[in-house]
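Subject: Handing over the structure

Dear colleague,

I am passing on to you the structure we spoke about, together with some notes on what was found in it. Please look through the sequence and the model first, and then read on.

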Amino acid sequence: MKNWMKGILLGGFLGIFVFCSPVFSNQETDEINAAIKEKKAKWTAGETTITKLSEQDRQKRLGLIPSKSAEENYTATELQSVPSLFDWRNYNGNFVTPIRDQGNCGSCWAFATTAALESHELIVNNTPGINLDLSEQMLVCCSSSGSCSGGYVNTSSDYIRDTGLPIEDCCPYTATNASCNLTPTCTNGCIALYTITGWHWVTKSVENLKSELCTNGPLIVGMRVYKDFFSYYRGIYSYVKGPYRGDHAILLVGYNDAEQYFIVKNSWGIGWGEAGYFRIAYSELTSVVSFGADSIAYEN
């Protein structure tokens, strides 16, 4: 069966599963759904594992520090001819590892870069469906790229290129800050380190993101998060209301031209969104959300 047809069938199945699921509401989600209806947006707000948290703990699910050098160093690459529908989860197999949960720590920057490395390894070695689980904690402890208070995707990508990451068991995730020398399992006894040959910034445009995604694999991307995003339950997200809460790093894995959306892997567990994923409208590249900022491709 052709890849595009598999994607349509899989998408239809997931759509049936997601849209038949109950939506739990409260005053917050009711107000957001009213704004969605007013603006004719294409998503539904509901109670999620994130909306159950305090405002302070919700804030800890963010953590991307935008790089001042990103816009100055975008790499101009030749646009490739790409299909109108693409998903790395269903491209002759699944090259995206399972949803993770960053917990009560602003380490999205570490989760996005680690997820990109995991997918990179599956693609390079043509080993779809493998749950390669690499260590985000290594980046938090040892990369000097950030902490639970936030971090940079560019310097963490430098660390992955120059040093590499071990498997999760060598340096288990604790959702806490720690000095590298206080976590001996992170630096001793783990010979196999996974690396990349290089990386580059990706120009923020729909066509560039699609071209780089199909050519190089899932992309690290940034976005500005507003309060309504915590209540995302299903559908194609676009901003409707609420104050800015911070910047967030996630992994771009696919897109759909017919319905004008990107498919994105988050790091908030499976109790948020569409089993941990979300779809976001192409229009959000130019809205206040600024989806696609700080985008990085790992080179094959």
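The largest cavity, which has a volume of about 80 Å³, is a convenient place to begin, and please keep in mind while reading that this is a predicted model. The structure holds one cavity of 30 Å³ or more. The lining is made up of Arg-100, Cys-108, Phe-111, Ala-112, Ala-115, Glu-136, Ala-249, Ile-250, Leu-251, Lys-265, Asn-266 and Ser-267, and by character these residues divide into seven nonpolar, two polar and three charged. Two elements, α4 (108-124) and β9, each supply at least two residues of that lining, and α4 gives the most, with four residues.

Turning to the chain as a whole, you will find eight helices and twelve strands. Buried residues account for 52% of the 300 residues, while the accessible surface comes to about 13,000 Å², of which 54% belongs to carbon and sulfur atoms. If one takes the contacts between residues at least 6 apart in sequence, 77% of them join residues at least 24 apart.

Among the helices, α8 (residues 206-216) deserves a careful look, because nine of its eleven residues are buried, so that the helix is largely enclosed by the rest of the structure. The buried residues are Val-206, Asn-208, Leu-209, Lys-210, Ser-211, Glu-212, Leu-213, Cys-214 and Asn-216, and what covers them includes β3 (85-87), β6 (199-202), β7 (219-226), β9, β10 and β12. After α8 comes Gly-217, with a positive phi near 105°. Helix α6 (residues 153-162) also has buried residues, namely Val-153, Asn-154, Ser-156, Ser-157, Tyr-159 and Ile-160, and just after this helix Gly-164 takes a positive phi of about 100°.

Positive phi values also turn up outside glycine. Most residues other than glycine have a negative phi. Phi of Gln-260 is nevertheless positive, near 60°, and this residue lies in the loop between β9 and β10 (261-265), where it counts as partly exposed because its relative accessibility is 42%. Asp-294 is not a glycine either, yet has a positive phi of about 55°; Asp-294 belongs to strand β12 (residues 293-298) and, at 7% relative accessibility, counts as buried.

Strand β9, which spans residues 244-256, includes Asn-256. Is this residue buried or exposed? With a relative accessibility of 10%, Asn-256 counts as buried, and the side chain of Asn-256 reaches the backbone nitrogen of Glu-259 at 2.9 Å. If residues up to four places away in sequence are not counted, Asn-256 touches Ser-84, Leu-85, Tyr-261 and Tyr-282.

Two loop residues complete these notes. The first that I would point out is Leu-62, placed in the loop between α3 and β2 (74-75) and buried, with a relative accessible area of 3%. Which residues does Leu-62 contact, leaving aside its neighbours within four places in sequence? They are Gln-102, Gly-106, Ser-107, Cys-108, Val-225, Phe-230, Arg-245, Gly-246, Asp-247, His-248 and Trp-268, and one of them, Cys-108, is also among the residues that line the largest cavity. The C-alpha atom of Leu-62 is separated by 8.5 Å from that of Trp-109, although the two residues are 47 residues apart along the chain.

The other is Thr-48, found in the loop between β1 (42-45) and α3 (55-59), which counts as buried because its relative accessibility is 1%. Leaving aside neighbours within four places in sequence, Thr-48 is in contact with Phe-230, Ser-231, Tyr-232, Tyr-233, Gly-271, Trp-272 and Gly-273. Phe-230 thus appears in the contacts of Thr-48 and also in those of Leu-62.

With kind regards

Definitions and conventions
Residues numbered from 1 in each chain as written. Predicted model: local features only at pLDDT ≥ 70, side-chain atom pairs only at ≥ 80, totals over all residues. Heavy atoms only, no water. Buried < 20%, exposed > 50% of the residue type's maximum accessible area, 1.4 Å probe, protein only. Polar contact = N/O pair within 3.5 Å; in protein donor to acceptor, adjacent residues only side chain to side chain. Contact = heavy atoms within 4.5 Å. 1 Å grid on protein atoms, 1.4 Å probe; cavity = no way out; pocket = protein on both sides within 12 Å on 5 of 7 lines; lining within 4 Å. Points joined across faces, edges and corners; volume = space filled by probe spheres on them. Nonpolar A, V, L, I, M, F, W, Y, C, P; charged D, E, K, R; others polar. Areas by Shrake-Rupley, 256 points an atom, 1.4 Å probe, with all protein chains shown as cover.
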